Structures are given as structure tokens and as C-alpha cells.
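User: I am new to reading structures and would like a close look at one part of the picture, namely the contacts between side chains. Please take me through it slowly and explain each term when it comes up.

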Amino acid sequence: MRTRHLARAVCALAAPLIIISAAAVQSGTASAATPAAAPLYVSPSGQPGHSGASCQSARFTSVQAAISAAPSGGSVIACAGSYHEQVVLTKPLALRGQGSVTISESGVTPAYSVTLPGLGPETIWAAVVIASSNVTVSGVTITGAVGEGVLAEGLGTELTGVTIAGDQVIGNDLGSIAGASYYLCALHAAVPGDCGEGVHFTGVANSTIEGSDISQNSGGVLLDDDTGPTRNVLVQGNLVTRNAYACGITLPGHNPGAVNAQGQPQPSVAGVYDNVVRANVVLDNGLTNDGGGVLIANAGASMAAYDNLVEDNYIAGNGLSGVVMHAHVIGAGQVQDLNGNVITRNVIARDNVEGDPLDGPAGPTDPQETGILVYSGTTPVQVTIEQNVISDNAIGIWLSKIVTAAGLPANTFSRVTTPVSASN
């Protein structure tokens, strides 16, 4: 991949949410943890007079109350049970589940809101909101949210050290269904279902989403740059399945501050870059509203999603191709950056079962089952596609004429009619 920086969508085609200037985006700084702080326990049977030393003697019945009481750098243990509330983490903290723990936002009216440039005050309908660096959420089932199951949002200051590990994020991102209202759904109305997805990172760096079941949301995982660059995020070892209205894992450039007029990346301002999508199982996503397995795309001019790595995943049964790259048509003299992405060592079975309309009826389409698709309407794109095992598709790898792909001879095809279609 390129090394021009150190930091640096059918599923997510939308106008940018926020444009943050380079001066406003600063690296997140780690706060010092409180030494040896005892964890605070939460239990449905908690009592204020208890000792607070274990689940059996918990003092708190609300996860949010325990978080508010915990010191910066401390930890909260959620004990077995269901908690109907929105949880907001605004300081470095670890939230860990012990036993079968569910945080449900079903029927809850969220109290958390932010003021977004260009939009004004907006209520955030995510079940778990992360607004601080150095936050861990693990061992918890998160469900029932109109918005995201988990939203980590760097608003003016980049978040770092965010970890989502061993969670179940199931049945969230419901804002595109049954008329529910969420501002992201309205903002991304051109693509129904792109309402934040189950887990949404924006303006986040050096963070991890791993070992989690992210299923039956409208969409699965979304890494975008609405509020600033999202970079060096590891999405690893997750089960991402049956997210019917969008892609399994989506890395879209949304922010037109990512590339200047000369085509040079602006990595301190915006862009989705240097992220790794590794060893996930990505199955049966986008079957209601045309979503792919893993998608890297730009929504429009001056946007960028580059130098990302997609490796060692098992991908099958998705509405669009197993791995999809879209550089949509832009105007004369305009620029975007979808270069330097690497797709390697994935096992990809039958995908694109719904067919890909690309830029609509006026341009090319791909109606056949396809393992990997790289489409560019007007902008040359360079990509590496190598050592993938692709089976049970009409087309193994579909490329636009202006796409240059390295590594094509190193892929393996089985029960594929056309291994490489490179004249579209």
C-alpha cells in the first residue's frame, strides 16, 4: 500500500454530515487511568446501601448511573440482566458484561443530543454512544435502537483507543424501517438503510471492532468520515450476517474535504484510510436493499477511501458482490481517491445475488453473480486483488475499463464462468 502518510457506496452514498477543518481535528489524547480503581457493579437487584463489591452486592441498577459515578479510567461491570436505557460514555472507561447482559433501547426516548454544524441540535438514537477516547465495551448484547447499536463519534477531536470486543449487536439501526425518524436516515435518504448501521465509527483512529456478532441490523459495520478521518481501525473476527438493508462492512468516503482540487489527500481533515478488515465471516447482507459483503466507496467528488486492506475473510450470499468498490461518476475536473486498496486471501462464494445497478440505467450494470467488483465511472482507480479463492459465481472479478488491478493471475477460481471481466 502507499506510504504517503502515517495517519492518514451503494450502502453509504450521501452528502457529508459535517466538514471539520484541519485545525479542528486533533489527535485524541489518552487520559491517565485512575490507579487500582475498584469496578462499580450494576445489577437489576442492586441497592444503594450495598457494599458494591460484586454482582451480589451491587449498588447500581442503571448502567448509566454507574458510568456517571465511575472515575475516569475506571470500569463498570454490568451483571446479568436487561437494562432498558441509552448508555453514553464521555470519559475513558471500560464497560464489561458479566453473564448474560442486554442493553436495550427499545421503547426508550434518548436524552443525549449534540449540535452538529450545518444541522443544529440532533438527538442521537444510538443505544451505546462513545464520545471519549480509551473506551472499551465488551461482553454485552446491544439491541433495539432506532439508530446505531454502537456509535463512536469524534466530533471535532479524533477518538482513539476505542474497543468493541465480544459483543452482540443485534436488531439495531431501525430508523429506515416502519417510518422511524433518525437524522442520519434523512441525511442519507438516497440510500435507504444507511442510518448508521449496527456499529458506526466516525472520526475514530487506532481502534478495534473484534470478536462480535453484528447481525440483523439494517446494516452491519460502518466506518466513515462524516465528522473527521477514520483511520487505522481493525475490524477483525466478527460475524456479520443478515443485515438486510445495507452492506455487511462499509468503508465510504462521505466528506468532500478529503481531497483538494489538485487531487491530493488531506488526511488530517477527512478520508477513510489505512483500515483493516480481517478474518470476518460476512454472510447474507443487503438482500432487501442491495448491500454487498465489504464495500469501499466514495459518495461523490473530493471524497476518499483509500489504502484499506481486506484480507482473510469468508464472504458469501450478499446482495451485491462479496467485495465491492465504487468510484461513482463525478464531473469534469473533479477528483476523488479510491486508490491503494488491497483485497487479498479472501474466500468468496456466490455473491451479487440481487445484481448491481452501479450508477443507474444510463451506465453499465452487473446483473450476474460476482465475487469482487471494482467500478469506476470517470476516475482511474488502482487496486490490488490477489490470492483470493472465488467460487460459484458467473463472474469472478468484474472491473471497469479504467481500473488497473495488480495481482489478478494470483487468484483461484472454482465453478466460475468468467474468471475476470475487465472490459466493462
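Analyst: What follows goes through the side-chain contacts one kind at a time, and then turns to a hairpin and a surface patch.

This is a predicted model, in which local features need pLDDT of at least 70 and side-chain atom pairs count only at pLDDT 80 or more, while totals for chains, interfaces and linings use all residues. Residues are numbered from 1 along each chain as its sequence is written, and side-chain values use heavy atoms, with hydrogens and water left out.

We can begin with the disulfide, which is a pair of cysteine sulfur atoms within 2.5 Å. A search of the whole structure turns up one of them, and it joins Cys-55 to Cys-79 with an S to S distance of 2.1 Å. The angle about the S-S bond is -90°, and the link of Cys-55 and Cys-79 is left-handed. Cys-55 sits in the loop between β1 (40-42) and α1 (63-69), whereas Cys-79 belongs to strand β2 (residues 74-84), so the bond ties together parts that are 24 residues apart in sequence. In these labels, helices (H or I, at least four residues) and strands (E, at least two) are DSSP runs, numbered from the N terminus. Cys-55 is buried, with a relative accessible area of 13%, and Cys-79 is buried as well, with a value of 3%. Here buried means under 20% relative accessible area, exposed means over 50%, and partly exposed lies in between (1.4 Å probe, protein chains only).

The next contacts are between aromatic rings. Rings of Phe, Tyr and Trp (its six-membered ring) pair if their centres lie within 6.5 Å; planes under 30 degrees apart count as stacked, over 60 as edge-to-face and the rest as tilted. The search of the whole structure finds two aromatic pairs. In one of them, the rings of Tyr-273 and Tyr-306 have their centres 5.1 Å apart and their planes at 5°, so this pair is stacked. It links distant parts of the chain, since Tyr-273 is in strand β21 (residues 272-273) and Tyr-306 in strand β25 (residues 305-306), 33 residues apart. Tyr-273 is buried at a relative accessible area of 0%, and Tyr-306 counts as buried at 0% relative accessibility. The rings of Tyr-375 and Trp-398, by contrast, have centres 6.4 Å apart and planes at 50°, so this pair is tilted. Tyr-375 lies in strand β31 (residues 370-376) and Trp-398 in strand β33 (residues 389-399), so parts that are 23 residues apart in sequence are tied together. Both Tyr-375 and Trp-398 are buried.

Charged side chains come next. Side chains of opposite charge can pair when their charged atoms come close. A salt bridge is a side-chain nitrogen of Lys or Arg within 4 Å of a carboxyl oxygen of Asp or Glu, and by this rule the count comes to six. One of them joins Glu-158 and Arg-231 at 2.9 Å, N to O. Glu-158 is in the loop between β10 (150-153) and β11 (159-160) and Arg-231 in strand β18 (residues 230-236), so the pair links distant parts of the chain, 73 residues apart. Glu-158 is buried, and so is Arg-231. Another bridge, between Asp-392 and Arg-415, has an N to O distance of 2.6 Å. Asp-392 lies in strand β33 and Arg-415 in strand β35 (residues 412-421), so this bridge ties together parts that are 23 residues apart in sequence. Asp-392 is partly exposed at 31%, while Arg-415 is exposed at 60%. Salt bridges that share partners also join Arg-278, Glu-311, Asp-312 and Arg-345 into one network.

The hairpin comes next. Along strand β5 (residues 113-116), Val-114 and Leu-116 point to one face and are buried, while Ser-113 and Thr-115 point to the other and are not. β5 runs antiparallel to strand β6 (residues 120-123), and four bridges join them; two strands pair if DSSP finds at least two bridges between them. Val-114 stands opposite Glu-122 in β6.

Last is the surface, where Leu-239, Val-281, Tyr-314, Val-347 and Val-389 make a nonpolar patch of about 340 Å². Patches are made of residues with over 30% relative accessible area and no salt bridge: like charges are joined within 9 Å, nonpolar side chains (Val, Leu, Ile, Met, Phe, Trp, Tyr) within 5 Å. Accessible areas come from the Shrake-Rupley method with a 1.4 Å probe, and for residues only the protein chains shown count as cover. Val-347 lies in strand β30 and is partly exposed, with a relative accessible area of 37%.
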